[in-house]
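Student: I should like to understand how the descriptive terms for a protein structure are justified. May we examine one example together?

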Amino acid sequence: GRVMHVRYQKEGATGVAEANFLSFTSVGKASSVLAVIDRGDRRRQRVVSLASGDAARLIEAARVAGPNNRFGVGQLADRYETLVPIGASRDEVARATTGMRADGAIGDSGRLLIDALRQLTLAQSERLVLLLASDGKPEDRAYGRDDVVKALRDAKVVAVTVAFRERPDAPGPEIAALRRLAEDTGGLFFDVGSQSGRLEDAAVTRFAQFVGSGGTATFPLNRVDPRGRYLFTLEFENGRAVTGAFFADVPAGSGAPANPPPAAPAPRAAPGPVTVTNTPAGTPPPAAG
């Protein structure tokens, strides 16, 4: 839903203040989405066909939700390849996702995702989303999940993962890895576990809302004693609220941004704007800058 208010408070202080919030749509901001389909291993043609078809559905829904949003398509096999760059037309996306064949060797997925990330970060957009459709089977031999998560966070990119199963009753550890990749970057995870093997319409709608909503909340840190933990609450038009926190490690009087402790999964701390995305209730917003 639409964000109505963003309120903040320094932990230990009394009183809650209103942040200045601007929605992406009100200021003409856009999101860029790079859909990446894992097509390695010819034994998985069914999975590749389902994944590429649903990637096209997700892109089309997000295009309708936000006319300023931009989209591209890539594929993973023994290497990463961009099929159509960010900014591709509806017809170009359709051609890239139709008839995709599972005829490539399986590569190191961690290294390949970082290659895809480099292409996505070239897009000049307020929000960057890496949409990964896969069964999670390729192994991360050279680059582990932590390396991929760090690269995504450093680039302020959220991962949306769509997990396809060869058998609906066998999720396996690979599906859990895709879930963690989304959760650790503040994105969304969709588990396609139905007999049909297709993504539900509700998930497609949720993705479109995720890409097309949100905005930037700006509020000042305490100049005398800025260092500390800040709490904030997002209030939505449907009455729902999402709470989160971040730690500002800023010397008094400097006003200089600083990185948070490495273990903190919450938004990065810095005086200035906080980017807010459509996050499930009860979890902290994924990105700040």
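Tutor: The following exchange sets values from this structure against the definitions of the terms.
Tutor: This is a predicted model, in which local features need pLDDT of at least 70 and side-chain atom pairs count only at pLDDT 80 or more, while totals for chains, interfaces and linings use all residues. Residues are numbered from 1 along each chain as its sequence is written, and side-chain values use heavy atoms, with hydrogens and water left out.

Student: Why is G187 called buried?
Tutor: Buried means under 20% relative accessible area, exposed over 50%, and partly exposed in between, with a 1.4 Å probe and protein chains only. G187 has a relative accessible area of 14%, so the term buried applies to G187.

Student: Where does G187 lie, and which residues does G187 touch?
Tutor: G187 is placed in the loop between helix 5 (172–184) and strand 9. Helices (H or I, at least four residues) and strands (E, at least two) are DSSP runs, numbered from the N terminus. Contact means heavy atoms within 4.5 Å; leaving aside residues up to four places away in sequence, G187 touches V158, A159, A182 and F210. G187 and A159 are 28 residues apart in sequence, yet their C-alpha atoms are 5.0 Å apart in space.

Student: How do you know that strand 5 and strand 6 pair?
Tutor: Two strands pair if DSSP finds at least two bridges between them. Four bridges join strand 5 (residues 70–76) to strand 6 (residues 80–84), so the condition for pairing is met. The two strands run antiparallel, and the bridge partner of L76 in strand 6 is Y80. Strands 5 and 6 form a hairpin with three residues between them.

Student: What makes strand 2 and strand 12 edge strands?
Tutor: An open sheet is formed by four strands in the order 2-1-11-12, with antiparallel pairing. Strand 2 (17–18) and strand 12 (241–248) each have a single partner strand, so one side of each is left without a neighbour in the sheet. Within this sheet, strand 1 (residues 3–10) and strand 11 (residues 228–236) pair over seven bridges, and V6 stands opposite L234 in strand 11.

Student: What makes a set of residues a nonpolar core?
Tutor: Such a core is a set of buried Ala, Val, Leu, Ile, Met, Phe, Trp, Tyr and Cys residues joined through side-chain atoms within 4.5 Å. The largest nonpolar core has 37 residues, and V162 is one of those that touch the most other members. Helix 1 gives the most to this core, with nine residues.
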